[in-house]
Amino acid sequence: MSNMPISKINKLSQLFQPVTATIATTKQTEIRSKSYENLLKYGLIKQVTTGMYAILPLGLRIFNKLTALVDNEMQKIGAQKLLLPALTPTHLWKKTDRLNNVTELFKIQDRAQRQYILSPTHEESICSVMSTIGILSPKMLPLKLYQISNKWRDEIKPRFGFLRSREFMMKDLYTFDINLNNAQETYALVCNAYENIFKKIGITYIKSIGDPGLIGDSISHEYHYISDIGEDIVCICPSCQYSINKTICKESYCPKCKNAFNEKSAAEVGHTFLLNTKYTIPLEVKIKINNESIPLVMGCFGLGLSRIFTVMTELLSTKEELRWPKNLAPYTVCLIPPKAGSKEENKSQYVKEVMEILNQLNIDTILDDRTNLTIGKRFMHARITGFPYVIIIGKSIMNFPPLIEIHNINNSTNCKISLNDIPNYFNNEDIKI
């Protein structure tokens, strides 16, 4: 029998998950997103004020797993993680001529009347850092610096939780190269890393030619999930899969193969820009080559973690139940022991044995130790929360040999296996980030 101490086990009875029967809002009719309603109802997020949310423990576990996935891919391409201040002095945005052109900025001032913005993005901030550190060595290039932090945008009409909120979590990467050719190579490298991230999330995505807008210069790409709650229209060629945002599409047919476009509603979850010297010239980010100071060529790459969180569950969930990619779910396994007072209760020693096996497999598990409730009620709770696997120690544990029930919630299958077969079962399930 396992010696795993029960105090080390994550228990559902101790979890802060304020489940509510209804959503506390006076604008119920505006909610058209099944996932947004259930994220609130089942206690993964909590609205604090309009467009701003507390991310509760289960929701934060998902964000942490998504962050780990992103960090892993960034490390593979040699990107270095840092953290920039939330406040950016407004004089930097004046230098790049963006202060009066971006309308959705939170602006504040300190007691000395110095003015700042709560940054929605950090091109000016990173360039300010780069311009004040002294002479860069060419050996440092390409330099790839990124952060994962909260950003702010004074949205006129926040909606659908994090899809369009006033505070959101974003990964922003800034790259610096010695010339445009090198910057294009770095751009392709980062785009490939983004595609790896989306492939590991496991939901079909669209990479389209994007609108550079007020951030970019020439080259820009957007990453979309096709979704009815999205605010973009993407033109997609059904033959060659060429894709472009409708806002910049000038034709009704694909320029590559001349087939007519299909139009799809989509939610943007990532955006990449090749900025060239748009920011490095006014903010004086330079390198010295042969005694000549030249501006570095820059790229920026945004990934909306809050938006991915919102849209992936919208696409996977049912009307009544949340669903997550199995490698990003708050807990991979929910373990349900026998009900107190049942004839199976004297087999509860198997709880520790199953937990020890899962621990050795490095599978994060939560124990629904509310044994005063029936197995059926606890199983329903596991389903609505979106735990992808549920292990039940129920009637089959009385068999010889003892069997447990494993339910794969995402594909609606189940089986009964012995404890010895648990490693084989999960080794055949691809649940690693």
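1. Accessible surface. In this predicted model, the protein exposes about 20,400 Å², and 49% of that area is supplied by carbon and sulfur atoms. As for the interior, 52% of the 433 residues count as buried.

2. Overall dimensions and secondary structure. Taken along the principal axes, the box filled by the C-alpha atoms is roughly 80 × 55 × 45 Å, and the chain that occupies this box has nine helices and 22 strands.

3. Contacts along the sequence. When the contacts in the protein with a separation of 6 or more are considered, 69% of them are accounted for by residues that lie 24 or more positions apart.

4. Charged side chains. The protein carries 52 positive and 41 negative side chains, and the centres of these two sets lie 3 Å apart.

5. Ser165 and its setting. A single loop residue may be worth inspecting alongside the totals: Ser165 is found in the loop between β8 (143-152) and β9 (167-177). Ser165 has a relative accessible area of 0% and therefore counts as buried, the cut-off for that label being under 20%.

6. Neighbours of Ser165. With residues up to four places away in sequence left out of the count, Ser165 touches Gly51, Arg153 and Glu155. Within its own stretch of the chain, the side chain of Ser165 reaches the backbone oxygen of Glu167 at 2.9 Å, and residue 167 is also where the range given for β9 (167-177) begins.

Conventions: Residues are numbered from 1 along each chain as its sequence is written. This is a predicted model: local features need pLDDT of at least 70, side-chain atom pairs count only at pLDDT 80 or more; totals for chains, interfaces and linings use all residues. Side-chain values use heavy atoms; hydrogens and water are left out. Helices (H or I, at least four residues) and strands (E, at least two) are DSSP runs, numbered from the N terminus. Buried means under 20% relative accessible area, exposed over 50%, partly exposed in between (1.4 Å probe, protein chains only). Contact means heavy atoms within 4.5 Å. Accessible areas come from the Shrake-Rupley method with a 1.4 Å probe; for residues, only the protein chains shown count as cover. Lys and Arg count as positive and Asp and Glu as negative; His and the chain ends are not counted. The place of a charge is taken as NZ of Lys, CZ of Arg, CG of Asp or CD of Glu. A polar contact is a pair of N or O atoms within 3.5 Å; within protein, one must be able to donate a hydrogen and the other to accept it, and residues adjacent in sequence count only if both atoms are side-chain atoms.
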